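I opened the notebook to look up a few things, starting with the cysteines and then moving on to the chain contact and some backbone angles. Here is what I was looking at.

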Protein chains: 2
Amino acid sequence: MARSAANPPRRVAVIGAGFIGTHVAAGLLDAGFETTVINRSPLGERKARLLDRARVAIVDASARKLLAPQLADVDHVIYCAAGLMPAESNIDPVTDAALSLPPLLHVLSLLQERPGAGLTFLSSGGTVYGPSEAEFIDEDHPTEPVTAYGVMKVAAERYVLMHRRMHGLPATVLRCSNVYGPHQPATRSQGAIAVFIDRIVRAQAVPIYGDGSIVRDFVYVGDIVDVILRTLGRTDGSATLNVGSGQGASLAQAIALIERVSGLRAVIEERPDRGFDVPRVVLDITRARTELAFEPTGLEEGLRRTMPEIAVATEL
Amino acid sequence: MARSAANPPRRVAVIGAGFIGTHVAAGLLDAGFETTVINRSPLGERKARLLDRARVAIVDASARKLLAPQLADVDHVIYCAAGLMPAESNIDPVTDAALSLPPLLHVLSLLQERPGAGLTFLSSGGTVYGPSEAEFIDEDHPTEPVTAYGVMKVAAERYVLMHRRMHGLPATVLRCSNVYGPHQPATRSQGAIAVFIDRIVRAQAVPIYGDGSIVRDFVYVGDIVDVILRTLGRTDGSATLNVGSGQGASLAQAIALIERVSGLRAVIEERPDRGFDVPRVVLDITRARTELAFEPTGLEEGLRRTMPEIAVATEL
């Protein structure tokens, strides 16, 4: 693994045990790290079982006093929490902001008291850039989000980079594209692949916004875990890195691949464009390839690793 | 006045009656606009007198219900409010965020219900860009603030631009450099010129952070008012414009000019660099010159307009 680790951390905290955070924590445990998982609400049975080797703290991280003892002895924090879902965030941006910022600001302030401890912040390559003409969007592209969710990710990144610059915080911002993988909830507005698989497996109509020509950058969740492990103990290199699949796939192409991998047929239900859906977002991942020796998993392979789990979950 | 006004507004609301907001509201009244001033706390005697032709609403704009009736009939909003001062914002960024975002988000949501009504948002060219090597910083420069204040301005700008793009809000973001002028409080961490004048007039030591070589872009408050008037009813052109003096002045140069204009002598008291003070921030104002026919007031002339007021206020 290519890393420039002076002091690789041993004790790592993961904030936010959502779909990505849970995979990250499981990956850290598998890699032998002492792992603390901090989540606002109690873990469901499956997550609790998956993370039974972790120390799990159910606290509201927006309360600094509750968060502080959980971070008292950690060497590195991986921030996987967010406010509302992108679509919800535009309906109630005030709540989104109130949920998004305080936990991160407390983490930054607490890390200031632990010199040397690092931070990996999960940002959103799918939302921070906004609509773009670029075939591949690199990290220097302007950030003009069209969701409050994206605005809050931009703000969060700026706070993190400020601490990196002002207080020497070893921090990396990972702008992940559209993440998919096993156990992603199919009931939310985020996670197109999970919704597609769920509907196809249940033989229900697959809702797509627009005509299916929208192109996204679907990245396998295991790749996020891989990249995060490569950022631990990192003290130099770029502050901000895109993490994507390196190529675009239209919604129609993704559905066709799911059909091929599952052997099932999809029935498409076209819905009107939601307005905030940008036609194409595909990240330029040259930086992650170069600095972290990252190699993404292909979409078909990622779907193979994702499908059995979803199918089993659905059949229960 | 160069403006591309399809429907120039008649009824304008100014949110935030601080130093800049008060000058803006007074300028609007002088220009014949029906002006509503919305401020969190009651106006002091001088401001109340200055704005006696305005409708003044003392409401907490973070409460949507209180703000809504005040904006029910306005054609344009000029947003001059902010959270904490830059230095304070880094001490308590959670409070800063809680104060900064909800009022703006409510304004944006309320303007969505009033198609055609516009917004001018006052951002901060002195903080949003952060440290830069550029001799003149243009609007495409990356935004990497080193204060929470700057991060919140970046976030606020992104919300505004999102509404411009998604809902056709006629919005202009003005990134103002270091604003000075009559009646600027000399008791706060913001407003170097006001502090310098106050200390020189009182024959007290003038505190400067660093050795006086720090270069800033001091813009006269009347120029901000001028530019704002030029943005009213504007429906095309750039969304984001720098507003500065077009040239840099070191703190030492500014103090020497104050000495010349006032005929008084300054005693300098050097203080250690505050860490977040960037060596040079001077805005490139080509865009405002070109699109708005803006011509800034020179520093010496601006100081002449500023000085008598401060001197009188101080001698009372």
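**Cysteines.** I began with the sulfur of Cys176(A) in this predicted model. Its closest cysteine sulfur belongs to Cys80(A) and is 8.5 Å away, too far for a bond. The cut-off for a disulfide is 2.5 Å between the sulfur atoms, so Cys80(A) is in no disulfide either, with Cys176(A) as its nearest cysteine partner at 8.5 Å. I then searched the whole structure and got zero disulfides over all chains.

Next I asked myself: is Cys176(A) buried or exposed? Cys176(A) is buried, at a relative accessible area of 4%. Cys80(A) is buried as well, with 17%.

**Chain B against chain A.** I turned to the interface and wanted to know how many residues each chain brings to the contact. The answer is 26 residues from chain B and 26 residues from chain A. The area buried between the two chains comes to about 2100 Å², and carbon and sulfur atoms give 74% of that area. On the chain B side, I noted that Arg158(B), Met162(B) and Arg165(B) supply 24% of the area this chain buries against chain A, more than any other three residues.

For the charged pairs, I counted two salt bridges between chain B and chain A. One of them joins Arg165(B) to Glu144(A), where the closest N and O atoms are 3.2 Å apart. So Arg165(B) appears in my notes twice: in that salt bridge, and among the three residues that supply 24% of the area buried by chain B. I also found four residue pairs in polar contact across the interface, both partners being at pLDDT 80 or more.

Which elements of chain B give two or more residues to the side that touches chain A? They are α5 (93-112) and α6 (148-167). α6(B) gives the most, with 10 residues. By class, I listed 18 nonpolar, five polar and three charged residues on this side of chain B.

**Positive phi.** Last, I checked backbone angles in chain A for residues other than glycine. His183(A) is not a glycine, yet has a positive phi of about 70°. I placed His183(A) in the loop between β7 (178-180) and α7 (192-201) of chain A, where it is partly exposed at 28% relative accessible area.

Ala203(A) is another non-glycine entry, with a positive phi of about 60°. Ala203(A) sits in the loop between α7 and β8 (205-209) of chain A, and counts as exposed at 69% relative accessibility.

Key: Residues are numbered from 1 along each chain as its sequence is written. Chains are lettered from A and ligands numbered from 1 in the order in which they are written. This is a predicted model: local features need pLDDT of at least 70, side-chain atom pairs count only at pLDDT 80 or more; totals for chains, interfaces and linings use all residues. Side-chain values use heavy atoms; hydrogens and water are left out. Buried means under 20% relative accessible area, exposed over 50%, partly exposed in between (1.4 Å probe, protein chains only). Contact means heavy atoms within 4.5 Å. Buried area is the accessible area (1.4 Å probe) that two parts lose on being put together, summed over both. A salt bridge is a side-chain nitrogen of Lys or Arg within 4 Å of a carboxyl oxygen of Asp or Glu. A polar contact is a pair of N or O atoms within 3.5 Å; within protein, one must be able to donate a hydrogen and the other to accept it, and residues adjacent in sequence count only if both atoms are side-chain atoms. Helices (H or I, at least four residues) and strands (E, at least two) are DSSP runs, numbered from the N terminus. Ala, Val, Leu, Ile, Met, Phe, Trp, Tyr, Cys and Pro count as nonpolar, Asp, Glu, Lys and Arg as charged, and the others, Gly among them, as polar.
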